2 protein chains.
Amino acid sequence: MPYELLLIGQVQAQSGIAIPTLRYYEGLGLIKAVSRTPGGFRQFSPQVLPRLAFIKRLQSLGLSLAEIQALLAIHDRGQLPCTAVQESLKQKTQVLDQRLEELQELKRELDELLDQWPATTPADNGTICPVLQPVP
Amino acid sequence: MPYELLLIGQVQAQSGIAIPTLRYYEGLGLIKAVSRTPGGFRQFSPQVLPRLAFIKRLQSLGLSLAEIQALLAIHDRGQLPCTAVQESLKQKTQVLDQRLEELQELKRELDELLDQWPATTPADNGTICPVLQPVP
DNA sequence: TTAAAGTCTCTAGTGGACTAGAGAGTCAAG
DNA sequence: CTTGACTCTCTAGTCCACTAGAGACTTTAA
């Protein structure tokens, strides 16, 4: 066995990513085995490790695998994807801001509703819970 | 056709909820048809309308259908679910606070990363994008 | 009576990132 | 040569709230 190539179990051990997930990533085209043993075992270059670190890092920053794949495609064309990464992250902050807005609005609504929750429950008016009236 | 009963299309028209969704809700046990026509068409009591309003309202406040179902079950036992609704909403604010924390932390991380983004891309060091080092 | 509109059941697909299991084949060491 | 660890492919399931489609039947109005 060529000492510089890694079997999938070794990749799992060194990356912390489960084997089925690695195969799943391969299916998506995020990583690929450089070769197979005669018996069909995947052999990975050690270069797969920084690649997986990149994937995990961007995933932890909120990027989807599809977005990450686009960035890896740039890398695979021989370019440094840093500028594109920066773009993706900027865009992600915008989505994040939007999402934060929504959740904060929801929180405001919930807090207000709970603040004004009556001490005594109003009479049943056929609406399941009469406190929950205002549906704007 | 008994004038006080509604066919599913009328429920859709008056609630704004799509027919397949209504059937889906029925499957989950959130609503039920009081009877069927001889030909098998569902007939709903008009009471389904406040019930659907309740569902939509709580859904808009972030509750899952499973949580809503638990509240409806209280109603169906003949009790006012207001106190349980209040509890659910309180709990939801907590989950929401947690989620907001996470997203804000993520935003901080993203902002910091972008703030400190180098004007000139560092040399390629085999990590796909050398700017993305710190993976704590 | 017929046509159009409405409704039925049932199955399967969506998105996103996996996870689980069956059943078979492979590799390295003893 | 056998054992045990490792790996393979393939299918299917998870979560959640729907959505779409096929093919058949019912209802109502003209």
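Begin by selecting DNA strand C together with the protein residues near it, where near means that a heavy atom of the residue lies within 4 Å of the strand. Of the 20 residues around DNA strand C, those that come nearest are Tyr25(A), Gly39(A), Gln59(A), Arg23(B) and Arg42(B). Sugar and phosphate make up 79% of the atoms of DNA strand C that come within 4 Å of the protein. This is a predicted model, in which local features need pLDDT of at least 70 and side-chain atom pairs count only at pLDDT 80 or more, while totals for chains, interfaces and linings use all residues. Residues are numbered from 1 along each chain as its sequence is written, chains are lettered from A and ligands numbered from 1 in the order in which they are written, and side-chain values use heavy atoms, with hydrogens and water left out.

Stay with DNA strand C and show the side chain of Tyr25(A), which has an N or O atom 2.7 Å from a phosphate oxygen of the strand. Next select Thr37(A), where a polar side-chain atom lies 3.0 Å from a phosphate oxygen of DNA strand C, and then Leu65(A), where a backbone N or O atom lies 3.4 Å from a phosphate oxygen of that strand. Two or more residues of this surface come from each of α2 (19–28) of chain A and α1 (8–15) and α2 (19–28) of chain B; helices here are DSSP runs of H or I with at least four residues, strands are runs of E with at least two, and both are numbered from the N terminus. The element that gives the most to the surface near DNA strand C is α2(A), with three residues.

Now select DNA strand D. Which of the 20 residues around DNA strand D come nearest? They are Arg23(A), Arg42(A), Tyr25(B), Gly39(B) and Gln59(B). Of the atoms of DNA strand D within 4 Å of the protein, 84% belong to sugar or phosphate, and the rest belong to bases. Show Arg23(A), which places a polar side-chain atom 2.4 Å from a phosphate oxygen of DNA strand D. On chain B, the side chain of Tyr25(B) has an N or O atom 2.7 Å from a phosphate oxygen of this strand, and the side chain of Thr21(B) has one at 3.2 Å from a phosphate oxygen. The largest share of the surface near DNA strand D, three residues, comes from α2(B).

Keep Arg42(A) on screen and zoom in on its surroundings. Arg42(A) is found in strand β2 (residues 42–43) of chain A. Is Arg42(A) buried or exposed? Its relative accessible area is 18%, so Arg42(A) counts as buried, the classes being buried under 20%, exposed over 50% and partly exposed in between, with a 1.4 Å probe and protein chains only. The side chain of Arg42(A) makes a polar contact with the side chain of Glu26(A) at 2.7 Å; a polar contact is a pair of N or O atoms within 3.5 Å, where within protein one must be able to donate a hydrogen and the other to accept it, and residues adjacent in sequence count only if both atoms are side-chain atoms. Not counting residues up to four places away in sequence, Arg42(A) touches residues including Leu6(A), Arg23(A) and Ser35(A).

Move on to Ser45(A), which lies in the loop between β2 and α3 of chain A. Ser45(A) is buried, with a relative accessible area of 19%. A polar atom of the Ser45(A) side chain lies 3.0 Å from the backbone nitrogen of Gln47(A).

Finally, colour chain A and chain B separately. In chain A, 44 residues are in contact with 44 residues of chain B, contact meaning heavy atoms within 4.5 Å. Chain A and chain B bury about 4100 Å² between them, 77% of it on carbon and sulfur atoms; buried area is the accessible area (1.4 Å probe) that two parts lose on being put together, summed over both. Select Arg57(A), Leu110(A) and Ile128(A), which supply 18% of the area that chain A buries against chain B, more than any other three residues. Four salt bridges are found across this interface, a salt bridge being a side-chain nitrogen of Lys or Arg within 4 Å of a carboxyl oxygen of Asp or Glu. To see a salt bridge, show the side chains of Arg57(A) and Glu109(B), which meet at 2.8 Å, N to O.
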